[in-house]
Amino acid sequence: MNTKHIARLIKTAAGGSLIALASLSAHAADKEQGFYMGADIGRAKQNLNAGNLSSDRNANSLNLYGGYKIDKNFAVELGYADLGKAKIGDASAKTKALNADLLASTALTQDLSLYGRLGAARYDRNFSAGGSDHTVGFKLGAGLEYKLSDQLSLRGEVTRYNNLPTANGQGFGRTANNVSAGVKYRF
């Protein structure tokens, strides 16, 4: 599957998500449905390998997102992630992502739920040696959400980002694992 095909899939998924959000807004009166937004902070771990240099690097990450809860078990989400800067030797790269995801959740208790996500992302990586590159890939994750009130929840999540740009042999890996925690607000 080439990059152009994956980019079209992401655009289609994002467009479909927006149409779903617009068409479902009429049903927002249901307590299980509605719009939400949130922010997470965390640490993104990237595996780097260039010549005889090899290491796992952690960087601070920031995730901003908005979504629509379709019913008690499913939601669609659009987001932006800054996965921070990874450095190996004298080279570094800053990675950002735009994503569209589908979330499925199940209640563990009245206030605690487990969720999983599957989505597509467009990655942009800027390299210190000059230039930038972008790719499209899939991401998946799992997390816990604890409801503090009808509007406010806490979330903790582990997310895997796949197919990041590598800069042709500069040692930047194709994956990043992000561990994050944050807050979600329902309208």
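Start by selecting β3 (74–88) and strand β4 (residues 91–107), which pair in the antiparallel sense over 14 bridges. The model on screen is a predicted one. Zoom in on the end where the chain turns: β3 and β4 form a hairpin with 2 residues between them. Gly89 sits in that turn and has a positive phi of about 60°. From there, pick Ala86 and look across to β4, where Ala93 is its bridge partner.

**The nonpolar cores**

Next, select Ala44, Ala81, Leu83, Ala97, Ala121, Tyr123, Tyr161, Leu164 and Ala176. These 9 residues form the largest nonpolar core. Colour the strands β3 and β5 (112–127) as well; they are the elements that give two or more residues to this core.

Which residues is Ala81 in contact with, leaving aside its neighbours within four places in sequence? The list is Leu62, Asn63, Thr95, Lys96, Ala97 and Tyr161. Two of these names, Ala97 and Tyr161, also belong to the core just selected.

A second core, separate from the largest, has 5 residues. To find it, select Tyr36, Ala75, Leu103 and Tyr115, which are among its members.

**The cavity**

Now turn to empty space. Rolling a probe the size of a water molecule over the atoms shows where such space is left. A search of the whole structure finds 1 cavity of 30 Å³ or more. The largest cavity has a volume of about 120 Å³. Its lining has 17 residues; select Asn63, Glu77, Arg117, Lys139 and Tyr161 to see those closest to the centre. Tyr161 has already appeared in the largest nonpolar core, and both Asn63 and Tyr161 are in contact with Ala81.

To show the strands around this cavity, colour β2 (53–69), β3, β4 and β7 (152–162), the elements that give two or more residues to the lining. By type, the lining residues divide into 5 nonpolar, 5 polar and 7 charged.

**The pocket**

The last stop is the largest pocket, which holds about 550 Å³ of space. Select Glu32, Lys69, Lys72, Ser113 and Glu145: of the 28 residues lining the pocket, these lie nearest its centre. The elements that give two or more residues to the lining are β3, β4, β5, β6 (132–147), β7 and β8 (172–186).

Which element gives the most to this lining? It is β4, with 5 residues. Coloured by type, the lining of the largest pocket shows 8 nonpolar, 9 polar and 11 charged residues.

Key:
Residues numbered from 1 in each chain as written. Predicted model: local features only at pLDDT ≥ 70, side-chain atom pairs only at ≥ 80, totals over all residues. Heavy atoms only, no water. Core = buried A, V, L, I, M, F, W, Y, C linked by side-chain atoms within 4.5 Å. Buried < 20%, exposed > 50% of the residue type's maximum accessible area, 1.4 Å probe, protein only. Helix = DSSP H or I, 4+ residues; strand = E, 2+ residues; numbered from the N terminus. Contact = heavy atoms within 4.5 Å. Pairing = 2+ DSSP bridges. 1 Å grid on protein atoms, 1.4 Å probe; cavity = no way out; pocket = protein on both sides within 12 Å on 5 of 7 lines; lining within 4 Å. Points joined across faces, edges and corners; volume = space filled by probe spheres on them. Nonpolar A, V, L, I, M, F, W, Y, C, P; charged D, E, K, R; others polar.
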